[in-house]
Structure formats: C-alpha cells, structure tokens
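Here is my note on the model you sent round. Please read it with the structure open.

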Amino acid sequence: MEPRSLIHIRHLINTVGARPSCSPAVRHAATECARVLQACGAVETRLQSFQGVPETYLPFLWAFGAAALGSLLALLGSTAIFFALGAVLNALGVWAMLAESEFRSHWATPLIPRRETVNLITRFEPLETPRQTVVLCAHLDTHRTPVFYSTNAWLKAFGALVSGCFLSMALGALAFTVAALFGWAWMRWLALPLFLLQSFAAGMMLHALRTPHTPGANDNASGVGVILSTVERLMNQPLRHTRLYALLTDCEETGAWGMRAFLDRHADETGRDALYVILDQVGAGELRVLTRDGLIFKHPTHPQALQWARKAVQAQPVPYKEVIGTAYTDALPATLRGRIALTVCAIPPSGETTSARWHQMSDIPEALEAQALADAEAFTWTLLQVVDEEPE
C-alpha cells in the first residue's frame, strides 16, 4: 500500500506543477492544500500575505559582481585610489554574502525586487487544554535548475567555486587595502586571478537566473504531502494536549522569507517552547535529522528538539542518522531567534544529493521512494505522540 502522502504529492504536481517563489502557482498550491486541511477539521485557516523575494541568485550576483568590478579597477588603475575602490568593493561582496547567508540586511538588499506572496497557516486544537505547541512546516516553492546541480561533479565544483570566490573577496579586500596604503603598484597583478574567478562566479549566477524551475516532487512536495497525511490521521486520532499548526511557506528557496514572516507575526502566539518541525526533501533516501543548519555558519539544533527526535526513534525505529546540513532550511530563522526547531529530511545512502534529483527537472513523483515517505510519516506521527505525552 502506497503512503497517503504520495497521493497528495501527485495531486500537487499534476494540478499545479512547478512553483516559483512569489508566483501565482504558490498561491494555487496553498489553496489546494487549504482544502485538504479544512476538511480535516482546522479551526482556523489563514493565507498570510507578506513581501517575499522571487530570486535566490540575485543577491549573490550583486556580491560577486561588485567584487569583480573592484578587482578590475585595481587591475587597470594600479594607483592608491583604484586599490582603495577595489578593497571597498571586495569588502562589500564579503558583507553581502555573509549577511545573505544569515538572513540579515546588507547594502544590496534595497536592490533586490520584492513581491507579495502568501504562507498557508492552519491550526488544530487538542481534545483537552493545550500544554504544548508544535508547528509542522514545509515549503511550497521550488528551485531553479542551474547546471551546477546536474551531477555530483558539477555540484562539488560549484561548491569549490563559491568557497573560492568568498575567499578571493576577503583576500582582495585585505590585499588592495595594503596596496593602497603602501603604494605597492605591483599588487595589481593579484587582481587578475581574483577578477577571473569572481566574474566567472557572477556569470554562473546569471546562468542560474535563466533556468526553469523544477517540478519539486521531493523538494518539497514531499514535505507538504507528509504534513497533509499526518493531519488526515489526526481526524481519527487527535492529540490530547498539543496545539498543532500546519505551516506551508513560500520563499524558502530564496532565503526562508516565509518562515521569517511567520515568526515576525506569530512567534508570540505559538510561544517560546513551541517545537518547529521542518519537513524538507523526505521522499528519497534514509531519514536524517540535522544537528546543525546554515549555508556558511552551521548553527546547532536546539538540544530539546534533538531529545524529542531521539525519543521518537526509540518508540518507532526507522533508519535514522543525525547529520550536519549542507545548506539552510526553514528551521534556521527559528534557530537564530532561539526557538526549538528541527529539520527532518532524507538522504540517499550514497550521500549523493543529485541521486535525489535535488534542483533538477527530474524531481518528479515517479522518482520518489515509497519507503522513504512511509518512514517520514511514521517518524512525524511518533514525534507528535512523544511531544503530546510529555508531562507538564
């Protein structure tokens, strides 16, 4: 018997298809999911409007482009003023990249277009007086499909490129400052490899911005499907002491803007002790829980979240490992604000993310694994029971 979540995933892909951030397709997907959640007895359903960001690669294009311009000026000018400009522009690149990875404003933030979009928020009350809150979260939007996600070799090369470009910007800021202070014109030749690397990285960002969006069966209709199937199960087996929110966000792929908007408006409503469970790419591979989350800086998962996850696995054994995340998830904004957040995902045994069709056009329902979805459903359900049975 196939997992119930797979039925919801197929419906979402067949009815809506690809779901670019801030697009009408996201609102369509939210409306489709709202029908299911309302039929399951949601006491409240909200489409939360917020200003999201439609593109994830644009901030990095500004960062790499600024640095490349600075390195070019240092190369062509080779005087103190041009070295100083090179240092400043490379420093701006470092600032933008670091701030963007930590969800903070930076100099390029006003240059990034914003569009109105929505989160879907539904609430379910327990049978008795609530003493705990859980927010089940998955993102609705899907990613673009640049070439550097096409194979593991490409992905590793791109990771090295981005890391090298970041280091080149830091080196350029320092070296050009020294050159400007001491008048070392010979350091202009250092600008050449920096310019070539930074301009190539900027070119890759331009390429990414011209690619189509993935159908997003695994990333992340799988997380949405597991939430819908879990809530359906609650119709016959409601929680006794736990208030449950089902949160489906937009703009996770472009900087977790949907989760940030939810926290801005509803963090006090859910309370500081609420558990945020983020289901992200749970349709292929073996169950994993992230112990650290973040793009550059890896922020530790709240100990209470990991404790509940371990109790759930003891109660309902499934293939399970704790790993460090390779990018960020919707859990990171909550973690950065001191909330209790846990990311649940699945990773192929080989560890090769491309075999899970990450950010590829082949991320379709036919590529999902029924066992992975069944394990995610079982773990999510058991985790809710563990929290619900927690003594006061």
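The points below cover aromatic rings, charges over a ring, and backbone geometry.

1. Status. This is a predicted model. Please read every value below as computed from that predicted model.

2. Aromatic pairs. The count comes to 12 aromatic pairs. One of the pairs joins phenylalanine 262 and tyrosine 276. Their ring centres are 6.5 Å apart, and the planes meet at 80°. The geometry is edge-to-face, because an angle over 60 degrees is placed in that class.

3. Where that pair sits. Phenylalanine 262 belongs to helix H8, residues 257–270. Tyrosine 276 belongs to strand S5, residues 275–279. The two residues are 14 apart in the chain, and the pair links distant parts of it. Are the two partners buried or exposed? Phenylalanine 262 has 0% relative accessibility and so counts as buried. Tyrosine 276 is also buried, since its relative accessible area is 0%. The cut-off for buried is under 20%.

4. Ring cluster. Which residues do ring pairs link into a cluster? They are Tyr57, Phe148, Tyr149, Phe158 and Trp358. I would list them by name in the text.

5. Charges over a ring. Tryptophan 257 deserves a line of its own. Arginine 114 lies over the face of tryptophan 257, 4.3 Å from the ring centre. Arginine 260 also lies over the face of tryptophan 257, at 3.7 Å from the ring centre. Both distances fit the cut-off of within 6 Å.

6. Cis peptide. The bond from aspartate 219 to asparagine 220 is cis. Its omega is near 10°. Where is asparagine 220? Asparagine 220 lies in helix H7, which spans residues 217–234. The note on this bond should therefore name the helix as well.

7. Positive phi at cysteine 251. Phi of cysteine 251 is near 65°. That is a positive value, and the residue is not glycine. Cysteine 251 lies in the loop between strand S4 (242–249) and H8. Cysteine 251 counts as buried because its relative accessible area is 0%.

8. Positive phi at alanine 256. What is the phi of alanine 256? It is near 55°, again a positive value in a residue other than glycine. Alanine 256 is placed in the loop between S4 and H8. At 0% relative accessibility, alanine 256 is buried.

Key:
Residues numbered from 1 in each chain as written. Predicted model: local features only at pLDDT ≥ 70, side-chain atom pairs only at ≥ 80, totals over all residues. Heavy atoms only, no water. Phe/Tyr/Trp six-rings, centres within 6.5 Å; stacked < 30°, edge-to-face > 60°. Helix = DSSP H or I, 4+ residues; strand = E, 2+ residues; numbered from the N terminus. Buried < 20%, exposed > 50% of the residue type's maximum accessible area, 1.4 Å probe, protein only. Lys NZ or Arg CZ within 6 Å of the ring centre and 35° of its normal.
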